[in-house]
Amino acid sequence: MLVDHALIRPDATYWELEGGTATLTDALTTELGPVIQMGRQMTRREQTSTGVRITTVGEYDQDDVPSGVPDSTQTIDADYAVIAIPLSAMRFCEFEPALSYTKRRAVTATHQDAATKVLLEFKTRFWEEGEHGFRGGGCVTDNPNRFMYFPSHNDASDGGEQPSGGVVLASYSWSDDAMRWDSLTPDQRVDHALHGMADVFGTDTVLQEFTGVGLSQSWMQAHYALGEAAIPMPGQLSELHHATRTVEGRVHFAGDHTTLKPAWIAGAVESAVRAALEVQART
Ligand SMILES: Cc1cc2nc3c(=O)[nH]c(=O)nc-3n(C[C@H](O)[C@H](O)[C@H](O)COP(=O)(O)OP(=O)(O)OC[C@H]3O[C@@H](n4cnc5c(N)ncnc54)[C@H](O)[C@@H]3O)c2cc1C
């Protein structure tokens with residue numbers, strides 16, 4: 001909570017990555033070109049005093065289900081490695097020789113938070129109408145939806161034509177709140193999110209304006225993310241956090257979880273700069 005209060009202040013400046021968050025990583029990787037191999041999952045890291053070997057397995061299919069094809073295994077040999085996958089993903093990798101005791105504790109014990117979203121499409125932007133109408137922003141409720149966020153794009157202020165409908169982030173929840181949504185089927189999530197919105201905006205309006213299209217995403221159930229972010233529990237910041245970024249032989253570690261800005265892109269970028277400087281200093 002203290003970290004959140006330090007970062008999410010009324011006077012903080014936020015930037016939007018127009019075109020989506022992938023535009024940042026796409027821009028950063030342009031010069032690397034074909035060196036980048038997508039769709040490969042690290043399963044093992046070995047290292048000696050002279051080099052590092054990373055073993056990867058091949059593509060996940062479109063539904064993020066492992067292909068399980070044994071001959072898709074590949075190894076990459078390098079002088080140094082930067083491992084930038086979430087701690088929850090490192091839990092499922094083999095390390096030979098084993099990681100240090102403090103790093104192992106950070107990997108096994110750091111709390112990985114959950115986040116789940118349910119999006120609903122509506123024929124009209126009914127929330128923008130009438131005396132109490134509003135544009136963008138969000139509301140918080142104690143019903144299971146918890147947080148709702150409304151589109152702040154494609155309205156008349158963007159210079160474009162005002163679209164009649166819009167997609168609402170009808171439920172955005174974290175931690176235990178999110179885990180309860182994860183127990184539901186995708187259809188049940190849409191149904192409950194709709195009723196949670198009806199609680200706030202009135203059943204007739206919400207049911208009448210819903211187009212029938214809804215989608216949900218659980219980061220705890222996402223095979224590559226394995227959770228929303230590393231959010232240290234009480235005591236973990238002092239006991240475990242530092243070990244997330246210590247160097248182990250020829251292997252360096254990056255990712256937002258190695259900084260004091262976990263769950264922020266700024267933390268990921270900060271860690272990338274730190275890891276790049278570490279490796280550069282050795283070569
Ligand atoms: C719901 C949600 C909302 C967010 N909202 C914001 C926001 O508004 N603003 C903000 O600044 N930040 C936000 N964040 C946080 C932001 O997404 C992260 O801080 C950032 O993506 C972390 O970058 P990273 O490179 O450290 O890790 P990731 O982006 O998690 O990258 C790790 C990569 O490792 C890959 N991977 C996993 N396992 C393996 C494996 N075994 N082998 C190979 N690759 C593997 C994954 O596929 C992934 O591509 C949000 C996160 C979530 C989940």
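Visitor: Which residues line the largest cavity of this predicted model?

Guide: In this predicted model, one cavity reaches the threshold of 30 Å³ or more, and the space inside the largest cavity comes to about 80 Å³. The residues that line the largest cavity are L87, T110, A230, P232, Q236, L237, L240, H241, T244, H257, T259 and P262.

Visitor: How do the lining residues of the largest cavity divide into nonpolar, polar and charged?

Guide: The lining includes residues such as L87 and P262 as well as T110 and Q236. Sorted by class, the lining of the largest cavity holds no charged residues, and the rest divide into six nonpolar and six polar.

Visitor: Is H257, one of the residues of that lining, buried or exposed?

Guide: H257 sits in the loop between β13 (251–253) and α9 (265–282). Leaving aside residues up to four places away in sequence, H257 touches I85, P86, L87, A230, H241 and T244, and L87, A230, H241 and T244 also belong to the lining of the largest cavity. The relative accessible area of H257 is 8%, and since the cut-off is under 20%, H257 counts as buried.

Visitor: What is the order of the strands in the open sheet of five strands?

Guide: The pairing in this open sheet is antiparallel. β8 (138–140) and β11 (210–218) each have a single partner strand, so both stand at the edges and one side of each is left without a neighbour in the sheet. From one strand to the next the twist averages 20 degrees. Read across the sheet, the order is β8-β9-β10-β7-β11.

Visitor: Which residue in β9 stands opposite V140?

Guide: β8, which spans residues 138–140, pairs with β9 (residues 147–149) in the antiparallel sense over three bridges. Within β9, the residue that stands opposite V140 is F147.

Visitor: At about what angle to β7 does helix α6 run?

Guide: Two helices lie across strands of this sheet, and α5 (residues 175–182) is one of them, lying across β7 (115–122), β10 (166–174) and β11 and running at about 115 degrees to β10. Helix α6 (residues 186–201) lies across β7, β8, β9, β10 and β11. Relative to β7, helix α6 runs at an angle of about 70 degrees.

Visitor: What is the phi of R146 near?

Guide: Most residues other than glycine have a negative phi. R146 is found in the loop between β8 and β9, where its relative accessibility of 23% makes it partly exposed. The phi of R146 is positive although the residue is not glycine, with a value near 65 degrees.

Visitor: Where does S175, whose phi is near 55 degrees, lie?

Guide: S175 is another residue other than glycine with a positive phi. With a relative accessible area of 27%, S175 is partly exposed. As for its place in the chain, S175 lies in helix α5.

Visitor: What is the omega of the peptide bond from E96 to P97 near?

Guide: Most peptide bonds are trans. P97 lies in the loop between β5 (94–96) and α4 (101–109). The bond from E96 to P97 is cis, with an omega near -5 degrees.

Visitor: Which residue in β5 stands opposite E46?

Guide: β1 (residues 41–47) runs antiparallel to β2 (residues 52–57), to which six bridges join it, and a hairpin of four residues makes the connection between the two strands. In that pairing R45 stands opposite I54 in β2. β1 also pairs with β5, here in the parallel sense and over three bridges, and the residue of β5 that stands opposite E46 is E96.

Visitor: How far apart are the C-alpha atoms of T205 and W181?

Guide: T205 belongs to helix α7 (residues 203–209) and is partly exposed at 31% relative accessibility. Along the chain T205 and W181 are 24 residues apart, and the separation of their C-alpha atoms is 24 Å.

Visitor: What percentage of the contacts with a separation of 6 or more comes from residues 24 or more positions apart?

Guide: The protein contains nine helices and 13 strands, and along its principal axes the C-alpha trace spans about 70 × 45 × 40 Å. Of its 283 residues, 33% are buried. Among contacts with a separation of 6 or more, the share from residues 24 or more positions apart is 65%.

Note on methods:
Residues are numbered from 1 along each chain as its sequence is written. This is a predicted model: local features need pLDDT of at least 70, side-chain atom pairs count only at pLDDT 80 or more; totals for chains, interfaces and linings use all residues. Side-chain values use heavy atoms; hydrogens and water are left out. Two strands pair if DSSP finds at least two bridges between them. Axes are lines fitted to C-alpha atoms, for helices over the stretch in contact, and angles run from 0 to 180 degrees between N-to-C directions. Contact means heavy atoms within 4.5 Å. Buried means under 20% relative accessible area, exposed over 50%, partly exposed in between (1.4 Å probe, protein chains only). On a 1 Å grid over the protein atoms alone, a cavity is a set of points where a 1.4 Å probe fits but cannot get out, and a pocket is an open set with protein on both sides within 12 Å along at least five of seven lines; lining residues have an atom within 4 Å of a point. Grid points are joined across faces, edges and corners, and a volume is the space filled by probe spheres set on the points. Ala, Val, Leu, Ile, Met, Phe, Trp, Tyr, Cys and Pro count as nonpolar, Asp, Glu, Lys and Arg as charged, and the others, Gly among them, as polar.
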